[in-house]
Amino acid sequence: MTHPPQQPGPYGQQPQSGPPYGQSYGAPYGQQPPGGYGQQRSGPGQPQSGAPYGQPPQSGPPYGQQPGQPYSGAPYGQQPPGYPPYQQPPGQHKKKRTGLIIGIVIAVVVVLGLVTAGVVLMKGDDKGGGSGGKGSDKASAVNFGATDPCGYLTPDAFKDIAGKDERTKQLAVDLVPEGLNQCSVHIVLKISNEAGLLLDMDSSQQADLAKLKQTPEKGTKGVNDGPFYIVKPTVTGTQTCKETLYRPDGSGVQVGGNVSVGAVDQNGRLKPGVDTCAAIDKAISAVATTLKGKGPTKISYPPDSFGSADACKLVTGNDVGAALQNPGEAALPSATTHRCSFVNASNLKGATASVNMSLQKQPESAQDYPGGQQLNIAGRDTVVYTLDQPGSPFASCTAETAGKVWQPWQGVMISQDAAPRLIEYVELNVFAVGGNTQQTCQVAKDLAAKAWPNLPQAR
């Protein structure tokens, strides 16, 4: 399948040490990140003072109108025969980061009711899987923390806009897990094999729904759809877009997206037949149908998997507050146990930390990052790195360690790799504005030393 050419952009290059996908450090879940969704840390906005490391920028583009370049290609593998080759731009990191969005079509691995390699996959309408009663009851019963990250939709959701893979004759749509609750969806459009959409689906969203309805995010509108409340952009026709589907308890699924460089003309306008927001509508509609029906495939993580751990219990709020010089930090759980932010309710603009559980195709190395460090922290091989750009008002750092290797992955995965492996990672991110990168990396190391002993041990 053809991969539209890729270059780093605001989507598909999610900040490593920045806020969790679709959220901001120091801001309540469901609120817009400072500077706009999907924006790079070096984007607009001036740092302000007042916190130990500074404060986040307060300005940014409206919802769905982020600055930056379209994405330009898929980071996975080589082109199948019969398709024009692509080259990865110089300096681009081999791995697209968490949170965030990829895909392409060749094989689907969907295992239902199978116990393999310690993973239990069951239909969503099994006991405890989200069935029983009306559609609203089914939707509310689904445990997002035990669902297959790519089990919410199929390529058929995009059958009227996706092209066909010339080799497989199937829809040119990839579904690739990027985290224990993140799935990347890459669509090659039928108008041209150089035109693509890159969507990121995240099922760990959590918001105060009453507050969100009372004070909508700027540039959004809320729509009631049966048991769901869907937040949509008021402006469409933009290169980037996102929507979030919430259940009555405030948990939800967010889908964001961007276009490839081949989907815009020389003036930066979307080509005819390209509509990012419409594609996201299709994804959200498919998610809603799945939640009200049989539910997504479930995954039960074995004891040696990071998926069996609680991200909010790897370190304590006191540990984080002391390390960040921001006492009062407390865990702010997401809708699942696979992601956690630490914030200070009385100082929402201070330095923050987060823990995220991701899935990567290739093992990480310090050599993958300029200035990266390969260390042994608490007996675990650890990569410490920053993606800060010169002159950026942000200071950030990530410490990450690998866990269980899945080969093959037992959930839904549609990819040009016939039997790819996925490696679990825990990423401990520290983020601040106006801080010192070296200092921030030391904080990340200190917190990793406290967190890693609480991780499951590989068997």
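Here are four short exercises, with worked solutions, on a predicted model.

**Exercise 1. Check the length of helix 5 (residues 437-451), then work out what surrounds its buried residues.**

Solution. Start with the length. Helix 5 has 15 residues, and at 1.5 Å a residue it should span 21 Å; the end C-alpha atoms are 21 Å apart, so the model agrees with the expected value.

Next, look at the N-terminal end. Asparagine 436 caps helix 5 there, with a side-chain oxygen 2.9 Å from the backbone nitrogen of glutamine 438.

Now list the buried positions: Thr440, Cys441, Val443, Ala444, Lys445, Leu447, Ala448 and Ala451. To read such a list, recall that an α-helix has 3.6 residues a turn, so residues three or four places apart point the same way.

Finally, find the cover. The elements over these buried residues include helix 4 (317-324), along with strand 14 (352-360), strand 15 (373-377), strand 16 (380-385), strand 17 (394-406) and strand 19 (422-433).

**Exercise 2. Classify the ring pair of tryptophan 406 and tryptophan 409, and decide whether each residue is buried or exposed.**

Solution. The model holds 4 aromatic pairs. In one of them, tryptophan 406 and tryptophan 409 sit 5.8 Å apart, centre to centre, with 90° between the planes, and this makes the pair edge-to-face.

For burial, the cut-off is under 20% relative accessible area. Tryptophan 406, at 2%, is therefore buried. Tryptophan 409 has a relative accessible area of 2% and is buried too.

**Exercise 3. Which rings lie under lysine 213 and arginine 247?**

Solution. Take lysine 213 to begin with: it lies over the face of tyrosine 229, 4.8 Å from the ring centre. Arginine 247 lies over the face of phenylalanine 144, at 3.9 Å from the ring centre.

**Exercise 4. Follow three salt bridges and say which parts of the chain they join.**

Solution. The count comes to 6 salt bridges. Among them, aspartate 160 meets lysine 282, with the closest N and O atoms 2.8 Å apart. This pair links the loop between helix 1 (135-141) and strand 4 (173-179) to helix 3 (residues 276-292), 122 residues apart. Aspartate 160 is partly exposed at 45%, and lysine 282 is partly exposed at 24%.

Arginine 339 bridges to aspartate 202 at 2.7 Å. Here strand 13 (residues 339-344) is linked to strand 6 (residues 196-206), 137 residues apart. Both arginine 339 and aspartate 202 are buried.

Lysine 232 and aspartate 281 meet at 2.6 Å, N to O. Lysine 232 is in strand 8 (residues 228-233) and aspartate 281 in helix 3, so the pair ties together parts 49 residues apart in sequence. To finish, add Glu243: Lys232, Glu243 and Asp281 are linked in a network of salt bridges.

Key:
Residues numbered from 1 in each chain as written. Predicted model: local features only at pLDDT ≥ 70, side-chain atom pairs only at ≥ 80, totals over all residues. Heavy atoms only, no water. Helix = DSSP H or I, 4+ residues; strand = E, 2+ residues; numbered from the N terminus. Expected span 1.5 Å × (residues − 1). Buried < 20%, exposed > 50% of the residue type's maximum accessible area, 1.4 Å probe, protein only. Contact = heavy atoms within 4.5 Å. Polar contact = N/O pair within 3.5 Å; in protein donor to acceptor, adjacent residues only side chain to side chain. Phe/Tyr/Trp six-rings, centres within 6.5 Å; stacked < 30°, edge-to-face > 60°. Lys NZ or Arg CZ within 6 Å of the ring centre and 35° of its normal. Salt bridge = Lys/Arg side-chain N within 4 Å of Asp/Glu carboxyl O.
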